[in-house]
Amino acid sequence: MQNKLQNPTTAAQIANLYIQYAQNENITDLNHIKLQKLLYFAYAWWSGLNQNTLFPENVCLCKYGIVIPEILEQTKYNGNNKITNYLYQINDDATVTQPP
């Protein structure tokens, strides 16, 4: 039996769950590189188990590893610093959904 998400899920929504978890658990070293890796592992795990994708954004291989460009664009300026702000979601109609 395949698991199906009830609502469309975006990479930003999953990233915000990781950011929220890091804040709740007092994890102090969640930077943009670790966030990208967590998103890729979740994407690969979900895809392998469910034969569909966890989120619609493309996963790209770049010079320094695997990234989701929409997430990289919002987090790259943090450098190796901890991510403290939730990410925005850019919708198909070019509107922006504010983070929680």
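## Exercises on a predicted model

At a relative accessibility of 43%, Asp 29 counts as partly exposed. The structure is a predicted model, and the exercises below concern its salt bridges and its overall architecture.

**Exercise 1.** Determine which residue forms a salt bridge with Asp 29, and classify the accessibility of that residue.

*Solution.* Step 1: the partner of Asp 29 is Lys 34, with the closest N and O atoms 2.8 Å apart. Step 2: the criterion requires a side-chain nitrogen of Lys or Arg within 4 Å of a carboxyl oxygen of Asp or Glu, and the pair is accepted as a salt bridge. Step 3: Lys 34 has a relative accessibility of 36% and is therefore partly exposed, since that class lies between the 20% and 50% limits.

**Exercise 2.** State how many salt bridges a search of the whole structure finds, and describe the one formed by Glu 73.

*Solution.* Step 1: the search yields two salt bridges. Step 2: Glu 73 pairs with Lys 76, the closest N and O atoms being 3.3 Å apart. Step 3: Glu 73 is partly exposed at 47% relative accessibility, and Lys 76 is partly exposed at 35%.

**Exercise 3.** Give the order of the secondary-structure elements, and characterise the burial and contacts of the chain.

*Solution.* Step 1: the chain contains three helices and four strands, which follow the order α-α-β-β-α-β-β from the N terminus. Step 2: of the 100 residues, 29% are buried. Step 3: among contacts with a separation of 6 or more, 57% join residues 24 or more positions apart. Step 4: the chain exposes about 7000 Å², of which carbon and sulfur atoms supply 54%.

How values were computed:
Residues numbered from 1 in each chain as written. Predicted model: local features only at pLDDT ≥ 70, side-chain atom pairs only at ≥ 80, totals over all residues. Heavy atoms only, no water. Helix = DSSP H or I, 4+ residues; strand = E, 2+ residues; numbered from the N terminus. Buried < 20%, exposed > 50% of the residue type's maximum accessible area, 1.4 Å probe, protein only. Contact = heavy atoms within 4.5 Å. Areas by Shrake-Rupley, 256 points an atom, 1.4 Å probe, with all protein chains shown as cover.
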